[in-house]
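Okay, everyone, thanks for coming. I'd like to walk you through one model today, so let me put it up on the screen.

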Amino acid sequence: MSTTQWDTVLAVAVDDDRDHIQGPAEAAVTLVEYGDYECPYCGAAYPIVKDLQARMGDKLRFVFRNFPISTSHPHAEQAAEAAEAGAAQGRFWEMHDLLYENQARLGDQDLHAYAEQLGIDVERFDKDLAEHVHAPRVREDFMSGVRSGVNGTPSFYVNGARHDDSYDFDTLLAALERAAA
Amino acid sequence: MTDTAVDNRPGPLPPGTEAPEFRLPSTPDQTVSLSEFRGRPLILAFYPEDWSPVCSDQLALYQELLPEFQKFNAELLGISVDGIWSHIAFAKDRNLHFPLLADFEPKGDVARTYQVYRATDGTSERALYVIDADGIVRWSYVSPVGINPGADGILRALESLEEGG
């Protein structure tokens, strides 16, 4: 579908120490998503990824990287930093899920409430957000996406190659199964 | 590097071409001309129309990347055939803080000069130009109209300028 003249491949390889990863390192196929917590299309993709994980089990490794487009989504940057603040306390995926399950409620009070709900150190969480401690990390993700040819959200990469097709369940599953075969 | 033509249109002006001078409105009472940007790199982003979904995403992405472009001392100009009042409303609605030029009268004149006008649609292509400090085209690219070209190509072109490539 896409015909950009550059190879649209993941510019920064998945890093076990740095990336947020679900699924085993030796999985047959790796799906990387660049996403924005306030983007409605990413919200639509969220349950699809969950379904793919349920279907494929240990065959699938899933990686999420931040790509907040604040110009369009005023809460996206702070939400991404909230997910990273959760990660700093070992709870990235729980926060990630809460954010996507509550996309319409991403104000500062809401983020604070999600931290309380997770039972993490809320004082530290609030301080991280107020001081934008995780902004450099979010920007790093964002720029790695730009260099990988991300042009909107969500953008998916299957074993490092950009998935330039629909991200409905059947299409993505077929692409993942093909890559895993 | 501009090997993307899939039909018989001539394709954008190739690297090495002197970028044609233009002067277009950027506000109701101001104009911008190419020659004002001599001495620094310039990115021209031709896009089909204000308000269309892909354009909005593309320009929002470029807005996010203004600090990266500034690292190269590069300026960004958006250009479409829309009138200046549409541009003003569009920029305000989408939080865009770079100039949008109105290639409105004669309609599409600059797009034609840059060989990126789509006569069948009455709009320009979705085309990118990176012009160097001497006013020479260093990179040009036409994206399929429905596809957001992203920004990696722009950044690579700016990097190769810095490297003296």
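**Leu128(B) and its surroundings**

Let's start with Leu128(B), which counts as buried because it has 25 C-beta neighbours inside 10 Å. For the cut-offs: buried is 20 or more other C-beta atoms within 10 Å of a residue's own, exposed is 12 or fewer, partly exposed is in between, and the C-beta atoms are placed from the backbone.

Quick housekeeping: this is a predicted model, where local features need pLDDT of at least 70, side-chain atom pairs count only at pLDDT 80 or more, and totals for chains, interfaces and linings use all residues. Residues are numbered from 1 along each chain as its sequence is written, while chains are lettered from A and ligands numbered from 1 in the order in which they are written.

Back to Leu128(B): you'll find it in strand S8 of chain B, residues 126-131. Helices (H or I, at least four residues) and strands (E, at least two) are DSSP runs, numbered from the N terminus. What does Leu128(B) touch, not counting residues up to four places away in sequence? That would be Ala45(B), Ser140(B), Tyr141(B), Pro149(B), Gly153(B) and Ile154(B). A contact here is two C-beta atoms, placed from the backbone, within 7 Å.

Two of those partners, Gly153(B) and Ile154(B), are also on the list of buried residues of H4(B), along with Leu155(B), Ala157(B) and Leu158(B). Just after H4(B) comes Gly164(B), with a positive phi near 75°.

**The core, and another leucine**

Ala45(B) turns up again in the largest nonpolar core, which has 85 residues. Such a core is a set of buried Ala, Val, Leu, Ile, Met, Phe, Trp, Tyr and Cys residues joined through C-beta atoms within 7 Å. Which residues touch the most other members? Ile43(B), Leu44(B), Ala45(B) and Phe46(B) do. Skipping neighbours within four places in sequence, Phe46(B) has contacts that include Ile79(B), Ala111(B), Tyr114(B) and Val116(B).

Leu44(B) shows up once more as a contact of Leu77(B), together with Val32(B), Leu42(B), Phe98(B), Pro99(B) and Leu101(B), again leaving aside neighbours within four places in sequence. Leu77(B) sits in strand S4 of chain B, residues 75-80. Why is it called buried? Because Leu77(B) has 21 other C-beta atoms within 10 Å.

**Where the chains meet**

The contact between the chains takes 20 residues from chain B and 15 residues from chain A. On the chain B side, helix H1 (53-71) and helix H4 (152-162) each supply at least two residues. H1(B) gives the most, with six residues. Sorted by class, that side of chain B has nine nonpolar, six polar and five charged residues. The classes go like this: Ala, Val, Leu, Ile, Met, Phe, Trp, Tyr, Cys and Pro are nonpolar, Asp, Glu, Lys and Arg are charged, and the others, Gly among them, are polar.

**Helix pairs in chain A**

Over in chain A, helix H1 (residues 40-56) and helix H7 (residues 169-180) have axes that come within 10 Å and cross at roughly 45°. That makes H1(A) oblique to H7(A). Axes are lines fitted to C-alpha atoms, for helices over the stretch in contact, and angles run from 0 to 180 degrees between N-to-C directions. Under 35 degrees is roughly parallel, over 145 roughly antiparallel, 65 to 115 roughly perpendicular, and the rest oblique.

Residues of H1(A) including Ile48(A) and Leu52(A) meet Phe169(A), Leu172(A), Leu173(A) and Leu176(A) in H7(A). By class, the contact of H1(A) with H7(A) has seven nonpolar, no polar and two charged residues.

Next pair: helix H2 (residues 76-88) of chain A packs on H5(A) at about 140°, with the axes 9 Å apart. So H2(A) is oblique to H5(A) too.

**Backbone oddities**

Last bit, for the torsion fans. Which peptide bonds are cis? In chain A, Thr153(A) to Pro154(A) is cis, with omega near -5°, and in chain B, Glu105(B) to Pro106(B) is cis, with omega near -5°. Pro106(B) lies in the loop between strand S5 (100-102) and helix H3 (109-113) of chain B.

As for positive phi outside glycine, His132(A) has about 50° and Trp51(B) is near 80°. His132(A) is exposed because it has 12 other C-beta atoms within 10 Å. Trp51(B), in the loop between strand S3 (42-46) and H1 of chain B, counts as exposed with 12 C-beta neighbours inside 10 Å.
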